[in-house]
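Please look over the sequence and the structure shown here before reading on, and keep both in view while you read.

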Amino acid sequence: MDKLTDDVPGCYYNRTVQFFYEQSGKNISAHWRPRDYVVVSLGMGVSVIVILANILVMVAIFINRRFHFPIYYLLGNLAAADLFSGIAYLHLMFHTGPWTIKLSKNQWFVRQTLIDSSLTASVLNLLAIALERHQTIFTMQLHSKMTNRRVVLLIALIWGLAIFMGLVPTMGWHCLCDLENCSTMAPMYKRSYLVFWAVLNLFTFSLMVAAYTRIFVYVRHKSQRMSQHTSQIRHKETVFNLMKTVSMILGCFVICWTPGLVLLMLDGLGCESCQVLRYEKYCLVLAECNSLVNPIIYSFRDTDMLQTFKRILCCLCRRGDAGRKDTLSGMRCNTLEQEPYENGDAELVEKTRGAPLILKGTEDMMTSTES
């Protein structure tokens with residue numbers, strides 16, 4: 001898009017990034033302000049933590065055979081999306097503030113594409129996990145019966161859609177030839193694209209709410225029916241655990257995403273008195289924090305996953321000792337906990353140990369039903 005001359009009347013292909021920022025009213029400071037230092041420092045800190053946390057999740061799923069099930073593959077893909085999000089946001093921190101002036105239009109679009117694709121992939125993974133949990137719970141299973149091939153196709157679809165959404169503005173939904181409709185927050189994007197992206201994410205969230213609401217209603221109804229076979233305390237614990245998990249999933253999503261989506265909608269609708277630029281950077285940091293919250297909700301609350309994390313960190317510490325020659329692939333720290341599998345009792349282990357994610361709140365119900 002960086003052309004030397006205007007090849008179409010009314011288009012501004014030969015103008016700099018600074019030109020579009022000035023036209024949209026988003027002036028770039030040539031000097032670093034205290035606010036810039038705060039935003040960049042906060043953003044870099046969040047990015048590094050996001051990257052490390054999600055690498056830990058991916059390594060745990062890879063080395064522990066107990067996690068080789070569809071739901072954990074989706075968890076690993078969510079961690080990969082959040083890892084990508086952390087990298088994209090770290091890249092943004094090195095290309096923001098006064099550094100923005102030095103960007104070419106192509107570099108600016110690459111910066112935005114990385115952010116948009118990574119955040120879209122994270123949201124789509126959350127929706128896929130919600131739908132997978134919906135399917136398994138309504139069929140009373142701990143793990144989905146999806147084949148590995150279908151899981152791979154689903155993961156490929158998620159990334160295909162995410163990359164496509166990130167490339168849409170570059171492919172034509174920009175305002176290089178329509179300055180009047182340029183966004184304020186993203187000065188080379190059309191306002192209509194911001195509205196589209198915000199509405200799409202709100203629709204995705206609505207599907208998540210519908211899926212988890214059906215799960216909660218179904219489990220509560222099922223628990224009430226079987227309460228005559230189990231203690232009242234156990235019945236209350238089942239419903240409470242499920243409600244707590246659902247509240248955490250949806251609550252964190254709302255807290256992290258709502259401010260940013262509201263700003264996108266206001267900017268897209270052309271609200272000149274809303275001062276969207278005043279809160280833009282902080283809302284983006286908050287949205288990025290969702291990539292930090294995801295591994296906490298979906299992985300760190302899983303007992304088996306926590307044990308695997310401890311063993312990974314333990315072996316990494318031991319590798320730091322001069323006399324140790326352990327490797328992650330060959331370590332004997334019981335990370336894989338292969339003994340039950342060697343006895344051919346994998347199914348029993350999966351039913352007696354903690355179930356992942358939303359099934360944490362329904363494990364008691366399923367156990368009582370089987371008995």
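The report below goes from the whole chain to its core, then to its helices, its aromatic rings and a few single residues.

## The chain as a whole

The structure is a predicted model, and it should be read as such throughout. The chain holds 12 helices and zero strands, and, followed along the sequence, its pattern is therefore a run of α elements, α-α-α-α-α-α-α-α-α-α-α-α.

Of the 371 residues in the chain, 47% are buried. Among the contacts with a separation of 6 or more, 77% join residues that stand 24 or more positions apart.

## The nonpolar core

In soluble globular proteins, nonpolar side chains tend to be buried together. In this model the largest nonpolar core has 75 residues, and the ones with the most contacts inside it are Trp108, Ile129, Trp197, Met208, Tyr212, Trp257 and Tyr298. Helix α6, which covers residues 191–226, gives the most to this core, with 11 residues.

Which residues surround Trp197, once its neighbours within four places in sequence are left aside? Trp197 is then in contact with Asp116, Leu119, Thr120, Met165, Trp257, Leu261 and Leu264; of these, Trp257 is also listed with Trp197 among the core residues with the most contacts.

## How helices pack

Helix α1 spans residues 17–24, and its buried residues are Val17, Phe19, Phe20, Tyr21 and Ser24. These buried residues pack against α4, which covers 105–138. Just after α1 comes Gly25, whose phi is positive, at about 90 degrees.

Helix α4 also meets helix α8, which is made of residues 276–300: the two axes come within 11 Å and cross at roughly 35 degrees, and the crossing is left-handed. On the α4 side the contact is made by Ile115, Leu119, Ser122, Leu126 and Ile129, while α8 contributes Leu284, Glu288, Asn290, Ser291, Asn294 and Tyr298. Sorted by character, the residues of this contact divide into six nonpolar, four polar and one charged. Ile129 and Tyr298, which take part in the contact, also appear among the residues with the most contacts inside the largest nonpolar core.

## Aromatic rings

A pair of aromatic rings is described by the distance of the centres and the angle of the planes. A search of the whole structure finds 17 aromatic pairs. In one of them, the rings of Trp32 and Tyr37 have centres 5.5 Å apart and planes at 35 degrees, so this pair is tilted. Trp32 is partly exposed, with a relative accessible area of 27%, and the ring of Trp32 also pairs with that of Trp99, where the centres are 4.8 Å apart and the planes stand at 75 degrees, so that pair is edge-to-face.

Why does the pair of Trp32 and Trp99 tie together parts that are 67 residues apart in sequence? Trp32 lies in the loop between α1 and α2 (34–63), whereas Trp99 lies in the loop between α3 and α4, so the pair links these two loops. Trp99 counts as partly exposed, because its relative accessibility is 30%. Elsewhere in the model, Trp108, Phe109, Trp173, Tyr189, Tyr193 and Phe196 form one aromatic cluster.

## Single residues, buried and partly exposed

Asn77 lies in helix α3, residues 70–93. Is Asn77 buried or exposed? Asn77 counts as buried, because its relative accessibility is 6% and the cut-off for buried is under 20%. Leaving aside its neighbours within four places in sequence, Asn77 is in contact with Asn125, Ile155, Ile158 and Trp159. Glu280, which lies in helix α8, also counts as buried, at 14% relative accessibility, and, with its neighbours within four places in sequence again left aside, Glu280 is in contact with Lys26, Met185 and Leu263.

Two further residues are partly exposed. Ser247 is found in helix α7, residues 232–268, and has a relative accessibility of 45%; its C-alpha atom is separated by 9.5 Å from that of Tyr212, although the two residues are 35 residues apart along the chain. Gln275 lies in the loop between α7 and α8 and counts as partly exposed at 47% relative accessibility. The phi of Gln275 is near 55 degrees, which is a positive value in a residue other than glycine.

Terms used:
Residues are numbered from 1 along each chain as its sequence is written. This is a predicted model: local features need pLDDT of at least 70, side-chain atom pairs count only at pLDDT 80 or more; totals for chains, interfaces and linings use all residues. Side-chain values use heavy atoms; hydrogens and water are left out. A nonpolar core is a set of buried Ala, Val, Leu, Ile, Met, Phe, Trp, Tyr and Cys residues joined through side-chain atoms within 4.5 Å. Buried means under 20% relative accessible area, exposed over 50%, partly exposed in between (1.4 Å probe, protein chains only). Helices (H or I, at least four residues) and strands (E, at least two) are DSSP runs, numbered from the N terminus. Contact means heavy atoms within 4.5 Å. Axes are lines fitted to C-alpha atoms, for helices over the stretch in contact, and angles run from 0 to 180 degrees between N-to-C directions. A crossing is left-handed if the near helix is turned anticlockwise from the far one by less than a right angle, and right-handed if clockwise. Ala, Val, Leu, Ile, Met, Phe, Trp, Tyr, Cys and Pro count as nonpolar, Asp, Glu, Lys and Arg as charged, and the others, Gly among them, as polar. Rings of Phe, Tyr and Trp (its six-membered ring) pair if their centres lie within 6.5 Å; planes under 30 degrees apart count as stacked, over 60 as edge-to-face and the rest as tilted.
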